[in-house]
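This briefing covers selected local features of one protein chain. The topics are backbone geometry, disulfides, an internal cavity and one threonine.

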Amino acid sequence: MRCALLLCLLVACGGSQIQERKATDVSKLGPATLEATKPREGEPRDAKVRVWVDAGVRATPNWKEEINDQIDYAGQLLTPLLGIRLKVEAIKDWDRTGDPHTALKDLAAADDGKDAIWVIGYVTPGDAASKAMPELGDAQLLGKHVVVRGWAEKPETDALAAGLPDLKAAERNEVLAAHRRHKQTVVLLHFLSRTLGAVAESDPAWIANPMYSPKQASFADRTRELMQTAIDRKLADDETPVIAKEILEKVSKEEWGGWISTDRDDVTKQLTAMVTADRMGQAAGEVPMAALEQFERIKVLARKNDMTNAMAELENLLVAYPGNATIYELKCELLLAKPGVKDKATRAACTRVSELAPTDPSPHIAVAAALVKERDIASARAELLTAAGKIEQLKTGAAEQWKKLIGFYYGGLGSLTWTEEVIAKAKLENDPVVAEIASKRARYGVPRGAKFVKPDDEGPLLGAVQDALGLVYASKYPQAEKAIAAGQKKWPGAPGFFAVRCDLELRQARLDGAKAACAKALDLDPNESWALYLSAVIALKDTSPAGTKAGIEKLKKAIAVDAELAQAWRTLAKAYARAKNQVALDQLRKDY
């Protein structure tokens, strides 16, 4: 009886531990778990995917469930890694046969990829197990088509089984299924990464390594940066040469030992060819393949500030290719950096680019950027108008150039009016910058057609209003007073400074002064959103129904003219709660 009791106690106390240890041992036989080392925050964006499956894969059991599971597993890494959600729109039968090495070409012929980020083709597995990625799939750099070979059931199972200890049938099947899922998903991720500019990684534990390993779990940070740039651009519907240019800059900016050097060189050449072949077909001429390596080396030398050797190599290259506008444009850009835009040799080099490529706006934008640094805004504006005229003549690539010009006017000069003019010419009224400009006009009191500021001075005005507000936020009231006075002296009648004064008075509990300043701001610009918001705050200090109603009306108008004004949304929610208007509060939550 005592023996039986002892046995029961041993089982009760140690049985679960024995089972847990056994489960842990089995788990050690499985592959690594895919995970993002630096998860990205925010709501993921949809990346539309279409899937094509050939007859050889469709003949395997549960093929559709397994493909969906593998894509889902890939998404479990890509969502925290890049902020995207893989959304499979369709899984289609693919009637193809023949050499699997031509499958990528066949896939592109079957589906042009329109309205999709990726088109994935699953093709008949090989006759042998392989770890070499080129034998397991295919993709082109920055393309949107990806091919994945199906799982070679018997050879892959035999290869795995050889390294497994004696296991129960269920455990053995579980381990094999885990390896199958991991390998097929990693192969998919490997080739998806190629379409996002990934360079082959040297560490066998990284997914971009050219050989598969069950230890692979994620990508190196430098590779993730390339992939993030590419997917952001692809989701924004940017053209491939635009993406290639940005990836090329990131790959070339500094040496990194984590990439396989031969593949890095090959990727650099491919990206350079994409940039020059497209851009120069519409503007200047393509850099000859024989000159690409030297051309890229010159840019690396320039980035390292070794201008003497960079210019020496560049001059040698121009001797060999005196009529190539792209090479001349590089000379223009280097000379703009030093000795500068005022130098005659610099202007001569930039003029030569325009002679060789009459429709290329790039040299004019580059010269304009240098002139802005010299504060010669009038001359910069003339160059930008010339650039706009040339963009209108482009048959291809105009969208990229318009966006570049918009970015220059908006980010470089801060001119809202000139930016809006370019947006209208480019017919890009749905560009996100349009909403940003509307918000800035309302928030800082720069209405369209304002007489108190010229287009070239809108940037400094916006900066001055923001700086004054910053001083108010920091409770540096005397400095804020001086900033407001200086701003009103330079831009008389600018409503933004009256809104700042309203804020300053309100924070010092001087309600009469705050009311007067806000009233003046709204008299000058009825859509001054900050003044509307502050006027509502003042009105809501009166807790009567009349005060609440007045505050609500002003807040609704503030949101209508400046939907990004978060303070107005939060204050309106509190006002609705005070008024016990649950219906309006619920609707506000939905609208927000």
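P339 sits in the loop that runs between α13 and α14. The peptide bond leading into P339 from K338 is cis, with omega near 15°. The model is a predicted one. The points below start with the backbone and then turn to the disulfides, the cavity and T571.

**Backbone geometry**

- Most peptide bonds are trans, and most residues other than glycine have a negative phi.
- The K338 to P339 bond departs from the trans form, being cis.
- N62 is not a glycine, yet its phi is positive, at about 55°.
- The loop between α2 (55-58) and α3 holds N62.
- N62 has a relative accessible area of 53%, so it counts as exposed, the cut-off for exposed being over 50%.
- R375, also a residue other than glycine, has a positive phi near 65°.
- The position of R375 is the loop between α15 (362-373) and α16 (377-391).
- R375 is exposed because its relative accessible area is 56%, which is over 50%.

**Disulfides**

- Two disulfides are present in the structure.
- Taking the bonded cysteines of the chain in sequence order, they pair as 1-2, 3-4.
- C332 is bonded to C350, with an S to S distance of 2.0 Å.
- This link between C332 and C350 is right-handed, with 90° about the S-S bond.
- C332 belongs to helix α13 (residues 325-337) and C350 to helix α14 (residues 344-356), and the pair, 18 residues apart, links distant parts of the chain.
- C332 has 0% relative accessibility and therefore counts as buried, as this is under 20%.
- C350 is likewise buried, because its relative accessibility is 4%.
- C502 and C518 make up another disulfide, and their sulfur atoms are 2.0 Å apart.
- The C502 to C518 link is left-handed, with -85° about the S-S bond.
- C502 is in helix α22 (residues 495-507) and C518 in helix α23 (residues 511-524), so this disulfide ties together parts 16 residues apart in sequence.
- Both C502 and C518 are buried.

**Internal cavity**

- One cavity of 30 Å³ or more is found in the structure.
- The largest cavity holds about 110 Å³ of space.
- Its lining is made up of V57, T60, W63, E66, I67, Q70, Y122, P125, G150, W151, R180 and Q184.
- Two or more lining residues come from each of α3 (63-82) and α7 (169-194).
- The most is given by α3, with four residues.
- Sorted by class, the lining of the largest cavity comprises six nonpolar, four polar and two charged residues.

**T571**

- Helix α26 (residues 566-578) contains T571.
- T571 has a relative accessible area of 15%, so it is buried, the cut-off being under 20%.
- The T571 side chain comes to 2.8 Å from the backbone oxygen of Q567.
- Apart from neighbours within four places in sequence, T571 is in contact with Y533, L540 and L555.

Methods:
Residues numbered from 1 in each chain as written. Predicted model: local features only at pLDDT ≥ 70, side-chain atom pairs only at ≥ 80, totals over all residues. Heavy atoms only, no water. Buried < 20%, exposed > 50% of the residue type's maximum accessible area, 1.4 Å probe, protein only. Polar contact = N/O pair within 3.5 Å; in protein donor to acceptor, adjacent residues only side chain to side chain. Contact = heavy atoms within 4.5 Å. 1 Å grid on protein atoms, 1.4 Å probe; cavity = no way out; pocket = protein on both sides within 12 Å on 5 of 7 lines; lining within 4 Å. Points joined across faces, edges and corners; volume = space filled by probe spheres on them. Nonpolar A, V, L, I, M, F, W, Y, C, P; charged D, E, K, R; others polar. Disulfide = S-S within 2.5 Å.
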